[in-house]
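Colleague: Could you take me through this model and tell me what stands behind each label you use? I would like to hear the reasoning as well as the result.

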Amino acid sequence: MSTLKLEIVTAEGVAYSDEVNAVVAPGIEGQLGILPHHAPLMTVLEPGQIMVRKGGEETFMAITGGYLEVRPDKVVILADAAERAEEIDVARAEEARKRAEERLKAAGGSLVDLARAEAALRRSMVRLRVAESVKRRGAARTRPQQ
Ligand code: ATP
């Protein structure tokens, strides 16, 4: 099976680096599936879920937005923040969501406060969604066969 080199880089360092079979990322115009030998491309990513397939295994990550570049030799995702689903602190994301909702209510007429609170709310919702969907997949996998 052919592979592509994938690097996910954040301000904090390399979040993921491996030879993989496929990547699905949240492009601004919808889900973007990248297979080996994809044509060069540069696009903006929305906050959302990244799925990486390597062999029979799928890895899920939350990203809070960034850029994806398909180069001839590798695919690079530059993300503001990226966490593997299993690393997401759900309690922290819940707290962030509550804080953002309170700030949205209190923002009044300030567009800057509103935009910041909306962005924080979106980040927290993406983290909660990615953590939850991986938990559900795990539960489905361990469910006894009928
Ligand atoms: P918070 O208010 O909880 O810090 P935030 O949305 O402001 O959330 P970010 O600025 O997006 O946080 O991220 C800051 C750093 O914290 C990044 O390294 C990110 O990966 C990490 N991070 C944020 N929230 C979580 C979480 N719920 N679980 C694990 N890591 C997180």
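Modeller: Read along the sequence, the pattern is β-β-β-β-β-β-β-β-α-α, which amounts to 8 strands and 2 helices. Please keep in mind that this is a predicted model.

Colleague: What are the dimensions of the C-alpha trace along its principal axes, and what share of the residues is buried?

Modeller: The trace spans about 55 × 45 × 25 Å. Of the 146 residues in the chain, 40% are buried; the label needs a relative accessible area under 20%.

Colleague: What makes β3 and β5 a pair?

Modeller: Two strands pair if there are at least two bridges between them. Strand β3 (residues 22–27) and strand β5 (residues 41–54) have 4 bridges, in the antiparallel sense, so they qualify as a pair. One of the contacts sets Ala22 against Arg53 of β5.

Colleague: And how do you know that β5 and β6 pair?

Modeller: By the same rule, which asks for at least two bridges: β5 and β6 are joined by 13 and run antiparallel. Arg53 appears here too, with Glu58 as its bridge partner in β6. The hairpin of these strands has 2 residues between them, and Gly55 takes a positive phi near 60° there.

Colleague: Why is Tyr67 called partly exposed?

Modeller: Partly exposed covers what lies between the buried limit of 20% and the exposed limit of 50%. Tyr67 has 45% relative accessibility, so it falls in that class. This tyrosine sits in strand β6, residues 57–70.

Colleague: What makes Tyr67 eligible for a nonpolar surface patch?

Modeller: A patch residue needs over 30% relative accessible area and no salt bridge, and Tyr is on the list of nonpolar side chains. The 45% of Tyr67 passes that area cut-off. Together with Ile28, Met42, Val44 and Leu78, Tyr67 makes a patch of about 490 Å².

Colleague: Why is the other patch called positive, and which elements give two or more residues to it?

Modeller: Its members are Arg92, Arg99, Arg103, Arg116 and Arg123, and Arg counts as positive, so the patch takes that name. Two or more residues come from each of α1 (90–106) and α2 (111–142), with α1 giving the largest share, 3 residues.

Colleague: How do you know that Arg99 is accessible enough for that patch?

Modeller: Arg99, in helix α1, has 45% relative accessibility. The patch cut-off is over 30%, so Arg99 clears it while still counting as partly exposed.

Technical notes
Residues numbered from 1 in each chain as written. Predicted model: local features only at pLDDT ≥ 70, side-chain atom pairs only at ≥ 80, totals over all residues. Heavy atoms only, no water. Patch = residues over 30% accessible without salt bridge, like charges linked within 9 Å, V, L, I, M, F, W, Y side chains within 5 Å. Areas by Shrake-Rupley, 256 points an atom, 1.4 Å probe, with all protein chains shown as cover. Salt bridge = Lys/Arg side-chain N within 4 Å of Asp/Glu carboxyl O. Buried < 20%, exposed > 50% of the residue type's maximum accessible area, 1.4 Å probe, protein only. Charge placed at Lys NZ, Arg CZ, Asp CG, Glu CD.
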